[in-house]
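Please find below some notes on the model, set out as numbered points for discussion.

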Amino acid sequence: MKNIYTFGRKPAQRNYTVADLIALKGSGKRLTMCNPATEAEFKACVEADIDLLTVWDVHLEMTRQIAPTHFAGTAMNWGQFATNDEILRHAIGCMEAGADMYFTNRSFDVVEMLARESIPVQVHMGLVPSLSHWAGGLRAFGRTADEAMQILRTFKRYEDVGAIACEIECVAEDTLRLLNDRTSIITISLGSGNAGDVIFLFMADICGEAENPPRHAHAFRDLAPLHQQLHTERVAALKEFQSEVRGMVFPYPAQSISMRTGELDKLHEALEKV
């Protein structure tokens, strides 16, 4: 653990710092990343010793309560803010709330603006779902030499504006392996094979909870039937509760409170005098 001050100037510890991640390049070590969103998921990530977390801004407080020492990035949606001032204000607020990195897939100018304020910025390349119209739909990237060279040129532009990390989504593994040593940016592979510095997979995909998982997803367990069983049991419990209440049966004696011995008779006597 490293002793740090957060961006909000609070003493804390982290399993990884920004400097650690930058030094990861070429070390031969790879890290894991996941996206917990519930208390149970956060606790599971901590117990499983997942290295890095990526969370929404609304989960930052929970992150620091349950995973106080985990490096955690947070993100903005593409259209969440209209102006650069709004984005900067949000990013600074997230960093002060305990985030360690800020994700955006907006313009190079936005990345540079955030980096100038010493905010560690994560970007996105390859399959960027919100920009899939420009790519002709959802598809893989970097499967040709021309596309691979375009990805390299984009890496260099992101380096120039100060990005430190990049989610590489659905890029050919061969391409990422060749380019990874040619960029200082920390590469976070999602569906891009074994070539990234960090391997990221969604919680629902890891646990077998997604209904239509993408090709690159792998379910290490099958939680979907358990969720269905839990839902079925929850509905059955609610129906039984409703039936017992309507039948004037519940609450049962065990869940009710009785007056002390002799007090009921005293109450009757008192009421008769009213």
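**Notes on D51 and the nonpolar cores**

1. D51 is buried (under 20% relative accessible area, 1.4 Å probe, protein chains only), yet D51 has no salt bridge, meaning a side-chain nitrogen of Lys or Arg within 4 Å of a carboxyl oxygen of Asp or Glu; the nearest side chain of opposite charge, K29, is 5.9 Å away. This is a predicted model, in which local features need pLDDT of at least 70 and side-chain atom pairs count only at pLDDT 80 or more, while totals for chains, interfaces and linings use all residues. Residues are numbered from 1 along each chain as its sequence is written, and side-chain values use heavy atoms, with hydrogens and water left out.

2. D51 lies in the loop between α2 (39–48) and β4 (52–56), and its side chain reaches the backbone nitrogen of T32 at 2.9 Å. Leaving out residues up to four places away in sequence, D51 touches (heavy atoms within 4.5 Å) N15, Y16, R30, L31, T32, H70 and F71.

3. N15, placed in the loop between β2 (11–14) and α1 (18–24), directs its side chain to the backbone oxygen of D51 at 2.8 Å. With residues up to four places away in sequence again not counted, the residues touched by N15 include M1, D20, T69, H70 and F71.

4. The largest nonpolar core (buried Ala, Val, Leu, Ile, Met, Phe, Trp, Tyr and Cys residues joined through side-chain atoms within 4.5 Å) has 45 residues, of which L53, I87, Y102, L114, I119, F155 and Y158 touch the most other members. A second, separate core of 16 residues includes L24, I164, A165 and F200.

Technical notes: Helix = DSSP H or I, 4+ residues; strand = E, 2+ residues; numbered from the N terminus. Buried < 20%, exposed > 50% of the residue type's maximum accessible area, 1.4 Å probe, protein only. Lys, Arg positive; Asp, Glu negative; His and termini not counted. Polar contact = N/O pair within 3.5 Å; in protein donor to acceptor, adjacent residues only side chain to side chain.
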